[in-house]
Amino acid sequence: MLTREEVEHIAALARLELSAEETELYRRQLSAILEYAASLQELDTSEIAPTSSVLPPHGVLRPDEPRPGLSLDDVLRNAPRVDQKQFRVPPAIE
Amino acid sequence: MGNVCTLSAVELCQALRKGEVSSRALTRAYLERIDALEPKLQAFLTLTPDLALQQADLADQVLFEWRKDTARLLPPLTGLPIVIKDLLCQRGVRTTCGSRILENFIPPYSATAVQRLLDAGVVTLGKTNTDEFAMGSSTENSAYQITRNPWNLTRVPGGSSGGSAAAVASAMAPLALGTDTGGSVRQPAAFCGVTGLKPTYGRVPRYGLIAYGSSLDSVGVLARSAADAAMLFQHMAGYDPLDASAMDVPVPRYSLQDKRDMRGLRIGVPEQYFITGIQHEVEQAVRNAITAMQGLGAEVVEISLPHTKYALPVYYLIAPAEASANLARYDGVRFGLRVDDPNMTALTRKSRGAGFGPEVKRRIMLGTYALSAGYYDAYYGQAQKVRTLIKQDFEKAFEQVDVIAAPVTPSTAFKIGEHNEDPLAMYLEDVFTLPANLAGVPGLAFPVGFDGEGLPIGMQLMGRHFDEQTLLQAAHTYQLFTDWHTRRPEF
């Protein structure tokens with residue numbers, strides 16, 4: 001079973017603000033799901049390589065050439081706050 | 001022409017070329033049908049009637065010019081209306097992913113799959129409802145509305161491409177785009193009695209598909225038949241320099257023959273997909289369809305996919321892990337919902353807390369946990385290794401057989417609200433669709449019967465990497481002999 005502190009730690013890592021009710025709900029639900037996932041431990045995988053992609057290895061390099069991107073207006077159109085054609089945020093470094 | 005909304009997409013393209021119907025008349029007919037049915041079904045998050053009629057008028061001009069000189073090149077789908085799952089970006093059209101966090105997001109570009117279809121001449125009617133960020137199996141996780149199953153309004157349409165499946169089943173559109181990360185095209189196709197193609201991973205570019213699980217996501221098609229699905233799929237597939245996972249593998253011409261036998265096709269039937277707990281009528285209908293294919297000359301082989309039962313825990317570690325990384329981009333800065341705070345971290349935490357719904361938060365939490373220091377090897381690392389075993393199961397099976405036949409879901413469409421309290425019970429709905437995503441193989445779902453309540457039953461064929469052709473041809477031949485796919489709910 002996950003503890004309340006563990007759930008709060010995960011929420012902090014995930015940058016998610018959770019209410020007290022949500023924290024308790026996810027503590028119970030994540031515990032149940034992780035318990036279910038424990039069945040994977042019964043397999044011996046010491047000789048098995050992990051799969052991160054199902055594709056065969058293939059080259060994805062391209063020439064490093066400039067090409068047109070989105071216009072500044074297009075990029076900023078969805079921003080919640082814009083100031084002097086830049087994203088406006090509160091100070092991130094004290 | 002009678003009611004144009006009942007014609008197949010292939011027939012509609014022919015009628016448009018011959019001038020038997022104009023794109024404007026066709027588009028209006030669909031928009032009128034949507035007006036009439038949408039209050040009951042709630043399949044759309046955004047409708048774009050003005051854009052659709054503009055596109056239709058342009059298509060009619062192109063068709064008019066082409067008829068004067070048919071030697072000219074005509075974009076192959078000119079004037080054909082389609083609808084798009086609201087997980088795929090369309091330039092200038094609101095794209096929400098079924099989430100409050102993207103309530104006002106207007107993409108500055110179109111997904112490659114969408115752009116290719118626009119270039120092929122389609123008319124876009126609107127964006128369809130989805131579980132938030134495609135996380136769900138019922139479309140109940142949409143932050144906006146609950147889509148109803150056209151066969152029974154108290155039932156879910158499946159998910160996450162539930163809006164697209166409901167729209168095609170109720171003839172509000174002849175074709176729809178969906179996406180499939182763990183079954184999100186095939187499961188709603190089964191629940192709504194339509195044909196749904198999840199292509200090979202890497203066959204259709206993911207550029208502009210808003211990311212959920214990047215090693216699993218694929219763009220697919222919902223249609224009334226395999227022939228219609230093949231026609232749309234033809235124009236979406238192929239290499240894309242904007243997506244490193246869109247493989248540079250030649251796209252064949254998906255031309256389906258009106259072949260009336262299945263001689264030479266070896267169909268594998270995996271024992272692990274016919275388990276206790278499966279609804280009897282589902283098992284019976286799928287077995288009947290396999291017997292029918294045998295009667296057409298196919299060879300049926302019992303096979304084993306021994307690691308099938310691990311697909312569910314593997315998926316529910318890998319997909320949330322990838323989601324937790326992908327959804328980090330919603331930070332309240334560049335796009336999406338923002339809840340202001342003088343502290344930058346608090347701004348991000350509050351924006352995400354307010355913008356994401358319960359299932360998305362659950363999966364972000366689960367994925368963050370599976371990737372966190374101290375748990376990575378036991379959860380995410382182990383899941384990636386078991387994924388290898390699942391993939392190898394398929395590789396071994398395809399040494400023996402050409403396709404694998406199985407049910408799409410353990411049961412027919414469940415009731416709205418039935419799984420509200422228990423996320424794990426909802427996850428179990430995906431037990432037969434997840435393995436194809438983990439192995440990256442294509443899957444095609446199509447109707448093979450109805451249960452005692454009149455709800456559609458689906459079967460899926462899974463195939464080798466990049467061998468969608470064999471799946472489509474097999475389903476097409478089956479559909480030449482059966483009429484399950486032509487049955488429609490009454491409206």
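Here are a few exercises with worked solutions on the two chains shown above.

This is a predicted model, in which local features need pLDDT of at least 70, side-chain atom pairs count only at pLDDT 80 or more, and totals for chains, interfaces and linings use all residues. Residues are numbered from 1 along each chain as its sequence is written, while chains are lettered from A and ligands numbered from 1 in the order in which they are written.

**Exercise 1. Get to know chain B as a whole.**

Task: Find how many helices and strands chain B has, and compare its radius of gyration with that of a compact globule.

Solution: Start with the elements. Helices (H or I, at least four residues) and strands (E, at least two) are DSSP runs, numbered from the N terminus. Chain B has 15 helices and eleven strands. Next, take the radius of gyration, which is computed over C-alpha atoms; the globule rule is 2.2 Å times the number of residues to the power 0.38. For 491 residues the rule gives a value near 23 Å, and the 21 Å of chain B agrees with that. The C-alpha trace of chain B spans about 70 × 60 × 45 Å along its principal axes. Finally, look at burial: a residue is buried if 20 or more other C-beta atoms lie within 10 Å of its own, exposed if 12 or fewer, and partly exposed in between, with C-beta atoms placed from the backbone. In chain B, 61% of the 491 residues count as buried.

**Exercise 2. Follow helix α9 of chain B.**

Task: Work out why α9(B) is said to be largely enclosed by the rest of the structure.

Solution: First, locate the helix at residues 311–326 of chain B. From first C-alpha to last, its 16 residues reach 22 Å, close to the 22 Å expected at 1.5 Å a residue; the expected span is 1.5 Å times one less than the number of residues. Then count burial: 14 of the 16 residues are buried, so α9(B) is largely enclosed. Now zoom in on B:Val314. Two residues are in contact if their C-beta atoms, placed from the backbone, lie within 7 Å. Beyond its neighbours within four places in sequence, B:Val314 has contacts that include A:Leu40, B:Ala383 and B:Leu438.

**Exercise 3. Place strand β6 of chain B among its partners.**

Task: Which strands pair with β6(B), and in what sense?

Solution: Two strands pair if DSSP finds at least two bridges between them. Strand β4 (residues 175–179) of chain B is joined to β6(B) by five bridges, and the two run antiparallel. Here B:Thr179 stands opposite B:Val219. Strand β5 (residues 195–198) of chain B also pairs with β6(B) in the antiparallel sense, over three bridges. In that pairing, B:Gly196 has B:Leu222 as its bridge partner. As for the faces of β6(B), B:Val219, B:Val221 and B:Ala223 lie on one side and B:Gly220 and B:Leu222 on the other, and all are buried.

**Exercise 4. Look for unusual backbone geometry.**

Task: Where is A:Arg15 found, and is A:Arg15 buried or exposed?

Solution: A:Arg15 sits in the loop between α1 and α2 of chain A. Its phi is positive, about 50°, although A:Arg15 is not a glycine. It has 21 C-beta neighbours inside 10 Å, so A:Arg15 counts as buried. For another backbone feature, turn to chain B, where a cis peptide bond with omega of about 10° joins B:Gly159 and B:Ser160. B:Ser160 belongs to the loop between β3 (123–128) and α5 (162–169) of chain B.
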